[in-house]
Amino acid sequence: MKNFIPIIAGAVLGIVTWKFSAYSADFGLGPLIWILICTVGGWYTWGK
């Protein structure tokens, strides 16, 4: 449970950076990979 909040924070950060980027693409494989990378980054940064 302690890793749940950092995972959600990373996913939200990934969605926000994808959605509000000037060069964002339509939702597909690329943005999905970016959101997953941000999710793992949130877990690694704040969850340890």
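The expected span of a helix is 1.5 Å times one less than its number of residues. The legends below use this value for a predicted model.

**Figure 1. The whole predicted model contains two helices and zero strands.** Along the principal axes, the C-alpha atoms fill a box of roughly 35 × 15 × 15 Å. The protein has 48 residues, and 23% of them count as buried. About 3,800 Å² of the protein is exposed, and carbon and sulfur atoms supply 76% of this area. Among contacts between residues at least 6 apart in sequence, 60% join residues at least 24 apart.

**Figure 2. Helix α1 covers residues 4-19.** This helix has 16 residues. From its first C-alpha to its last, α1 reaches 22 Å, close to the 22 Å expected at 1.5 Å a residue. Its buried residues are P6, G10, A11, G14 and W18. Seen down the helix axis, these buried residues fall within an arc of 135°, so they line one face of α1. The cover over them includes α2. On the face of α1 turned away from the buried side are the exposed residues I5 and K19.

**Figure 3. Helix α2 covers residues 29-46.** With 18 residues, α2 reaches 26 Å from its first C-alpha to its last, close to the 26 Å expected at 1.5 Å a residue. P31, I35, C38, T39 and G42 are buried in this helix. They are on the same side of α2 because they cover an arc of only 105° around the axis. The buried residues of α2 pack against α1. Turned away from that buried side is a face with the exposed residues L29, L36, V40 and Y44.

**Figure 4. F27 lies in the loop between α1 and α2.** Is F27 buried or exposed? Its relative accessible area is 54%, and the cut-off for exposed is over 50%, so F27 counts as exposed. Leaving aside neighbours within four places in sequence, F27 is in contact with W18, L32 and I35. Of these contacts, W18 is one of the buried residues of α1, and I35 is one of the buried residues of α2. F27 and W46 are 19 residues apart along the chain, and their C-alpha atoms are separated by 27 Å.

**Figure 5. A nonpolar patch on the surface includes F27 and I33.** The patch is formed by F27, L29, L32, I33, W34, L36 and I37. Together these residues have about 720 Å² of accessible area. I33 is found in helix α2. Its relative accessible area is 41%, so I33 counts as partly exposed. Two other members of the patch, L29 and L36, are exposed residues on the face of α2 turned away from its buried side.

**Figure 6. N3 is placed in the segment before α1.** Which residues does N3 touch, not counting those up to four places away in sequence? They are W43 and G47. With a relative accessible area of 25%, N3 is partly exposed. N3 and V40 are 37 residues apart along the chain, while their C-alpha atoms are separated by 11 Å. V40 is one of the exposed residues on the face of α2 turned away from its buried side.

Methods
Residues numbered from 1 in each chain as written. Predicted model: local features only at pLDDT ≥ 70, side-chain atom pairs only at ≥ 80, totals over all residues. Heavy atoms only, no water. Patch = residues over 30% accessible without salt bridge, like charges linked within 9 Å, V, L, I, M, F, W, Y side chains within 5 Å. Areas by Shrake-Rupley, 256 points an atom, 1.4 Å probe, with all protein chains shown as cover. Salt bridge = Lys/Arg side-chain N within 4 Å of Asp/Glu carboxyl O. Helix = DSSP H or I, 4+ residues; strand = E, 2+ residues; numbered from the N terminus. Buried < 20%, exposed > 50% of the residue type's maximum accessible area, 1.4 Å probe, protein only. Arc of directions from axis to C-beta. Contact = heavy atoms within 4.5 Å.
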